[in-house]
Protein chains: 2
Amino acid sequence: MAKIRIGIYGYGNIGKGVELAVVNSSDMELVGIFSRRENISTLTKKTISSTKIKEYKDKIDVLILCGGSATDLPLQGPELLKDFNTLDSFDTHAKIPEYFSQMDKIGKTSNTLGLISVGWDPGILSIARVLFQSILPNGKDYTFWGKGVSQGHSDAIRRIKGVVDARQYTVPLDDALNSVRKGETKDFSAREKHLRECFVVLEKDTEAERKRVDKEIRTMPNYFSDYDVIIHFISLEELKEKHNTLPHAGFVIRSGNTYSKNSHVLELNVKLDSNPEFTSSIMVAYARALYRMHQEGVTGALSVLDIPLSKLSSFSSEELRSKML
Amino acid sequence: MAKIRIGIYGYGNIGKGVELAVVNSSDMELVGIFSRRENISTLTKKTISSTKIKEYKDKIDVLILCGGSATDLPLQGPELLKDFNTLDSFDTHAKIPEYFSQMDKIGKTSNTLGLISVGWDPGILSIARVLFQSILPNGKDYTFWGKGVSQGHSDAIRRIKGVVDARQYTVPLDDALNSVRKGETKDFSAREKHLRECFVVLEKDTEAERKRVDKEIRTMPNYFSDYDVIIHFISLEELKEKHNTLPHAGFVIRSGNTYSKNSHVLELNVKLDSNPEFTSSIMVAYARALYRMHQEGVTGALSVLDIPLSKLSSFSSEELRSKML
């Protein structure tokens, strides 16, 4: 059987994880890694300039876009979908409908298929939310994140004047988590569900600077003002030594009853040593599904909610039914 | 929009649960409940004799088969699929491939669609097994059940001479569960994963009878001989008072690494007050998916692994993308 020909577009943390997963998938072949910077050594290749991507139009079955949601994907997705089947991890929740609709039009015109918002959230936690809501409509669900590094919140602290570097951990609160697991359906404030713990390196570590930055963090709207916040000022050495990995975790928990006194609790949870490597692994499994669905003639845009699980697997449907059903 | 017209075939615990879920689904209409016993009052209807089912050929969009896997479904599935789209909870794992292939042929000939093995295991735990294996191929997964009533094991005890009634609880063992949750990938014996706790009512509760039945249970091959077993002899009154519900639970846990030092743990768990009502709720959500896929022209047989999650939901794809992705 022909191998699925994969291209990687963008070589940051996600691109590196995708490379690792693809070269370990026996049904896939890594055609090329495209980056702004040419001729950089990767795990198995040298990068190709992203300006040369069009030359690979008929040589790649699925192009995995590894850029960020803020500025890369809104431009790259629509442009690259004209020539390639694309898969991305677009995760700006509020803009998903607009991005989907734009990609759907381009894919239908170009006879290509774009699979958007693949990862763990949005992604497999979304699958749990839809599955759980569908089978237990008379209930309520909760999503918790962490303990894990939030890149967005870390970046927000780094933008404060006088901050050299920072790492923010989102921590789910046990009281809320345990209440939900017991089947209780309380309304929680943001503060009751998650705590935000920050490790901050200052340019000048003085009492006055600590006081100023502490206040700027705690009062920052959207990011911190609605939460209990713990702030540690540490040295750059300590940050590099103790906070150099990107662990994360997520929980979707739904409880409800079956229109009777009987109630039920469903939970999906993921606990990750490396957020980018795990996200990449999900993307590579979905690249297999994308390839198969495009082969079947599907074009336009899809999300993970539109994909049967059997399409993700390197096993045949017969094997899945006999071994895993 | 026209409502999905549902028929229920068989009115035991599952049939009752399906009725409860269907009458609470605003996009569904319950056309009839078919049973061996005619004119029995149900929650909302009176049963119709199952001999009259053929008269309803064009009046039902999805016929939900609520019989058992041992003797009912192997006969009823193939027969009813000739005239109806059917959905069942066939759960004899070893016979699924054969049953699927038989149903697939009939559905393709009859232009109908049969969705088999819908429930929580096989069913949503199967979805977790396939999803987890696909995104974390370099790992290992474990399924645990309980604490919950196993009908099969309870029945096995009831077949022992001198036993009036019995209830068997399957109990997952914390040591194994915690080891797996920590990401360890040990090989466990059956005895290390689950304990079997039995509550038994004897015809004649004498010391000699207790000794004999105790031994017969503990030495029963397949069912009990490979497990640690706890046996309580109790009165029929106590059984009826304290063991009259059908709770259950299940866990799929997979751990593995992303071809690096980074490892990850994924878990789906369900905790149920009522096994039949929860199974029924899953069947009713999948009835919606079955209806939609048949409308799109799919015929033959499918399992839950072949169904995109968005098809289960009463929300539109647009709503799902904007609210739940």
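In the predicted model, the axes of helix 1 (residues 13-23) of chain A and helix 10 (residues 275-295) of chain A come within 8 Å and cross at roughly 55 degrees. Helix 1 of chain A is therefore oblique to helix 10 of chain A, and the crossing of the two helices is right-handed. On the side of helix 1 of chain A, the contact involves A:N13, A:I14, A:G17, A:V18, A:L20, A:A21 and A:V22. These residues meet A:P276, A:E277, A:T279, A:S280, A:S281, A:M283 and A:V284 of helix 10 of chain A. Classified by residue type, the contact comprises eight nonpolar, five polar and one charged residues.

The surroundings of helix 1 of chain A were examined next. Of the 11 residues of helix 1 of chain A, eight are buried, so this helix is largely enclosed by the rest of the structure. The buried residues are A:I14, A:G15, A:G17, A:V18, A:E19, A:L20, A:A21 and A:V22. Their cover includes helix 10 of chain A together with strand 1 (4-9), strand 2 (28-35) and strand 4 (62-65).

The relation between the two copies was also considered. A turn of 180 degrees, with a shift of 0.0 Å along the axis, lays chain B on chain A with an RMSD of 0.0 Å. The two copies are thus related as by a two-fold rotation axis. Of the interface residues of chain B, 100% are also interface residues in chain A, so the copies meet through the same surface.

How values were computed: Residues numbered from 1 in each chain as written. Chains lettered and ligands numbered in written order. Predicted model: local features only at pLDDT ≥ 70, side-chain atom pairs only at ≥ 80, totals over all residues. Heavy atoms only, no water. Least-squares fit on C-alpha atoms with pLDDT ≥ 70 in both. Contact = heavy atoms within 4.5 Å. Axes fitted to C-alpha atoms, helices over the stretch in contact; angles between N-to-C directions. Helix = DSSP H or I, 4+ residues; strand = E, 2+ residues; numbered from the N terminus. Parallel < 35°, antiparallel > 145°, perpendicular 65-115°, else oblique. Left-handed = near helix turned anticlockwise from the far one by under 90°. Nonpolar A, V, L, I, M, F, W, Y, C, P; charged D, E, K, R; others polar. Buried < 20%, exposed > 50% of the residue type's maximum accessible area, 1.4 Å probe, protein only.
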